[in-house]
Structure formats: C-alpha cells, structure tokens
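Please find below a reviewer's note on the structure under discussion. It takes up ring contacts and strand pairing in turn.

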Amino acid sequence: KQRPGTITALTQSPLDLLIIGGGIVGAGIARDAAMRGLRVGLVEQHDFAFGTSSRSSRLLHGGLRYLAQGRVGLVHEASVEKRVIHQIAPHLAAPLPFIFPTYRNNKNWVLWQLKIGVKIYDLLCGGRNFGKSFWLNRQEVVQRVPGLNAEELNGAVCYYDGFTNDARLTIDTLRSAANHAAMLLNYCRFRDARPGELWECEMDDVSTGNELLARARTIVNATGPWADGLKRSQVKLRLTKGIHLVVARDRVPVSDTVVMTEDKRILFATPWGTRTILGTTDTDYHGSLDEVLADPLDIHYVLEVTNRFFPQAQLTKLDVISSWAGLRPLIANSNGSPSDISRSHEIRNPEPGWWDVAGGKLTTYRLMAEQTVDQITTALKRKNVHCRTAIEPLLPLAETDGIS
C-alpha cells in the first residue's frame with residue numbers, strides 16, 4: 001500500500017542523496033543521512049538484506065584472527081563498534097563466550113600467545129568487552145565442551161564477542177531510517193546515472209517493469225558484491241564465499257561458541273537454540289551473484305573439520321538440516337589466500353557527487369556509514385550536522401513504522 005506513495009516521493013522532488021543497495025551498509029548510510037536532515041532515497045534491486053547482509057556468521061566481533069595478522073586498527077574499530085551496536089540495538093545483540101582450544105600439533109595457534117592476545121583484545125575494546133577473557137586448563141576444557149577432541153589438547157582461552165540477527169539488524173536500521181523520513185524502495189533496479197547540476201538516475205521498478213527517473217545531488221554505491229558492476233563505479237573487488245551449515249544441537253552439543261582451526265583458518269561451532277551453526281569457509285568466487293550456494297566440496301570441508309574437533313559426532317551430509325552461502329565484497333588484492341585479505345573498508349569519491357563504499361564487515365557498518373555521510377554533508381556544505389547513530393537506539397520491530 002505504501003509503495004506508490006514512496007515511488008512518487010522518490011521521483012517528484014530532488015534528493016540530497018540516493019543510495020544504491022539495501023544491505024546493512026546502505027541501510028546504515030540511509031539512517032545516518034536521514035537523521036542529519038538530508039532528503040534520502042534508497043533503492044534495492046532484490047529484497048532488503050538479500051545478499052551478504054542475511055548470510056553472515058551472525059557475529060559481532062572485533063576479529064581475534066586479525067589481531068594475529070597485526071591489523072590492530074581494524075580490531076580496535078570493530079571492537080568499539082560491537083559495543084555501540086549492543087547499546088543501540090540491545091534486542092539484537094547478545095554476549096557470546098568463545099572457547100578457543102589449542103593443540104600441541106598446531107603451531108599456528110599457541111596457548112601462551114593466545115593468552116596474551118585475548119588480553120590485548122580486551123584492551124582494544126576499551127576495557128568494556130562483553131566479558132573478561134580467561135584461560136582454561138586441559139581438564140576444564142574437556143568439562144566445558146563435551147565431545148571435544150582431547151588428544152594433544154593443551155588448554156584453551158575464553159574471550160567474548162556478540163551474536164546478532166544480521167537480516168533483522170538491517171531491517172530495523174531501515175525502519176529507523178524510514179522513521180526519519182528516508183524513502184526506501186526494494187525491487188527497484190538502478191541502471192545508470194547522468195551527471196549534471198543534478199544526477200539523472202534511471203531505474204526500473206522490478207515489480208511492474210515501469211521505468212523510473214529520480215534526481216539526486218549525490219549518489220552512494222553501497223551494493224556490496226555488485227559494487228564493481230555499476231558503470232560509474234571505480235571499485236575493484238575480490239569476492240570470497242563463506243558457507244554455513246545447520247545441524248541439530250545434540251549432534252554438536254556446544255553451549256559456547258567453539259573455535260575450530262584448520263592451519264591458519266578459523267571456523268566456529270555456534271549454539272543457536274536447538275541447532276548448532278557450523279562455518280565458515282573462505283574461498284575465491286567467480287559465479288552468479290544472485291545464486292550463491294553451498295556446494296558439496298564446501299559442505300565436505302566444514303563437516304571434515306567439525307568431525308576432527310568433535311569425533312563422536314561423525315557428521316555426514318545427511319545431518320545437515322540447512323545451509324546458506326554468502327559473498328564477502330573484499331577490496332581486491334591478488335596476493336595471498338582469501339583469509340589473508342584485509343576486511344577494512346574503503347570510501348572513494350571518484351567524481352563529484354558519486355561515492356563508492358566497499359569492503360568492511362557487519363560489525364563496522366555504522367562507522368562506515370558515519371564516515372561516508374561526513375564526506376557527503378561536507379560536499380553539500382551542510383555545516384554543524386553531527387552523527388547521532390551511536391547514541392540513538394534502534395526501535396524494536398513492533399515500535400517502528402513500515403517500509404515499502
């Protein structure tokens with residue numbers, strides 16, 4: 001019922017900002033810009049949160065693995081942001097303990113180094129992590145994680161991150177943007193834009209086939225894996241695929257998230273109600289962006305690693321209740337394995353009025369939005385307009401208005 005009115009509002013009068021992409025980054029930008037008083041429109045070619053934003057590990061984390069890679073700045077900003085999300089969306093952020101077991105035969109993850117690492121991790125959270133890290137001896141690990149492989153087990157560290165509902169976080173962020181007068185339209189495909197005094201933006205209403213024309217002072221490309229496919233985009237991506245499997249909780253009976261390692265790679269076994277989530281992979285991807293699936297090799301890999309850590313489980317593909325697969329829109333770097341590529345983000349302004357936002361991760365979406373809108377308000381010469389997204393809470397679903 002709201003869709004015709006949204007289309008009219010989007011196309012009748014010039015926008016200060018048109019956002020292309022209805023994932024978590026586009027949603028965060030829409031909310032921030034609308035809260036600063038900009039006239040904001042957002043279009044998404046599929047449904048909101050269709051891509052990466054509904055296919056993550058559902059974790060709010062600073063990235064302990066990135067600390068081991070020396071990316072202290074990335075860990076710090078993500079650690080601060082996970083606390084911000086907990087403050088503005090407490091209904092969507094739950095503290096979650098992580099048990100990281102170490103083994104004598106794995107030289108990539110050594111217990112004494114992890115003991116130091118988790119304390120640094122706590123400090124990078126500003127001393128306000130979800131819980132204080134500690135370590136466990138071999139017997140304590142066996143008691144806390146039933147069924148864990150105890151052969152050559154040294155001990156473990158326990159640290160804290162958070163768990164969220166990624167798609168719901170996106171939707172609630174969009175609802176907040178709508179409450180601040182942002183115009184949001186899904187199933188609307190952006191085709192092209194012609195620069196001028198205002199950008200002339202050509203779009204297609206996927207639901208009707210009608211052509212739409214909107215005018216905007218500025219445009220943000222926040223399309224995630226699709227970012228380097230737009231004609232004016234200057235983004236170069238290296239896409240990697242991550243899959244997750246869901247099995248019954250009694251097959252892998254974890255109460256805390258357990259870190260499973262494969263050389264330098266990290267996978268998780270995460271409790272989720274009566275289920276356990278297993279994943280993720282990190283492999284280069286060159287297929288369809290609209291149909292990303294967990295293939296048999298992906299499934300075999302995750303099950304193999306899980307069975308090594310939980311040998312009594314003896315999981316097979318018949319134990320997989322469901323699976324999902326998504327793409328990481330990483331900034332292109334041909335060197336190293338996908339796991340070695342930085343998860344940092346880039347905000348580029350290749351021509352007046354056009355911004356490309358790429359990279360990053362779920363946990364840092366709000367910061368990415370703030371930095372982007374800072375640049376846009378400067379370009380629009382909007383002075384003394386400050387970001388409020390870190391202090392104004394998202395409203396739970398029942399307390400918000402609808403979106404088109």
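The numbered points that follow concern a predicted model.

1. Aromatic pairs. The predicted model holds 8 aromatic pairs. One of them joins Phe98 and Phe268 in an edge-to-face arrangement, with 5.5 Å from centre to centre and 85 degrees between the planes. This pair links distant parts of the chain, since Phe98 belongs to strand 4 (residues 94-103) and Phe268 to strand 13 (residues 265-272), 170 residues apart.

2. Burial of the edge-to-face pair. Phe98 has a relative accessibility of 1% and therefore counts as buried. Phe268, with a relative accessible area of 15%, is buried because the cut-off for that class is under 20%.

3. A tilted pair. Phe190 and Trp354 form an aromatic pair with 6.3 Å between the centres and 55 degrees between the planes, which is classed as tilted. Here too the pair links distant parts of the chain: Phe190 is in strand 8 (residues 188-194), Trp354 is in strand 18 (residues 354-359), and 164 residues separate them. Both Phe190 and Trp354 are buried.

4. Aromatic cluster. Which residues form one aromatic cluster with Phe98 and Phe268? The other members are Tyr121 and Tyr159.

5. Charges over rings. Arg55 lies over the face of Phe50, at 5.0 Å from the ring centre. In a further contact, the charged end of Arg58 sits over the ring of Trp324, at 4.6 Å from the centre of that ring.

6. Setting of strand 9. Is strand 9 (residues 199-205) largely enclosed or largely open? Of its 7 residues, 5 are buried, so strand 9 is largely enclosed by the rest of the structure.

7. Strand 8 against strand 9. Strand 8, which carries Phe190 of the tilted pair, runs antiparallel to strand 9 and is joined to it by 6 bridges. Within this pairing, Arg189 stands opposite Asp204 of strand 9. The connection from strand 8 to strand 9 is a hairpin through 4 residues.

8. Strand 9 against strand 10. Strand 9 also pairs with strand 10 (residues 211-221), in the antiparallel sense and over 6 bridges. Glu202 has Leu213 in strand 10 as its bridge partner. A hairpin with 5 residues between the strands connects strand 9 and strand 10, and Gly209 in this turn has a positive phi of about 85 degrees.

9. Strand 9 in summary. Strand 9 thus has an antiparallel partner in strand 8 and an antiparallel partner in strand 10. Each pairing includes a hairpin, with 4 residues leading from strand 8 and 5 residues between strand 9 and strand 10.

How values were computed
Residues numbered from 1 in each chain as written. Predicted model: local features only at pLDDT ≥ 70, side-chain atom pairs only at ≥ 80, totals over all residues. Heavy atoms only, no water. Phe/Tyr/Trp six-rings, centres within 6.5 Å; stacked < 30°, edge-to-face > 60°. Helix = DSSP H or I, 4+ residues; strand = E, 2+ residues; numbered from the N terminus. Buried < 20%, exposed > 50% of the residue type's maximum accessible area, 1.4 Å probe, protein only. Lys NZ or Arg CZ within 6 Å of the ring centre and 35° of its normal. Pairing = 2+ DSSP bridges.
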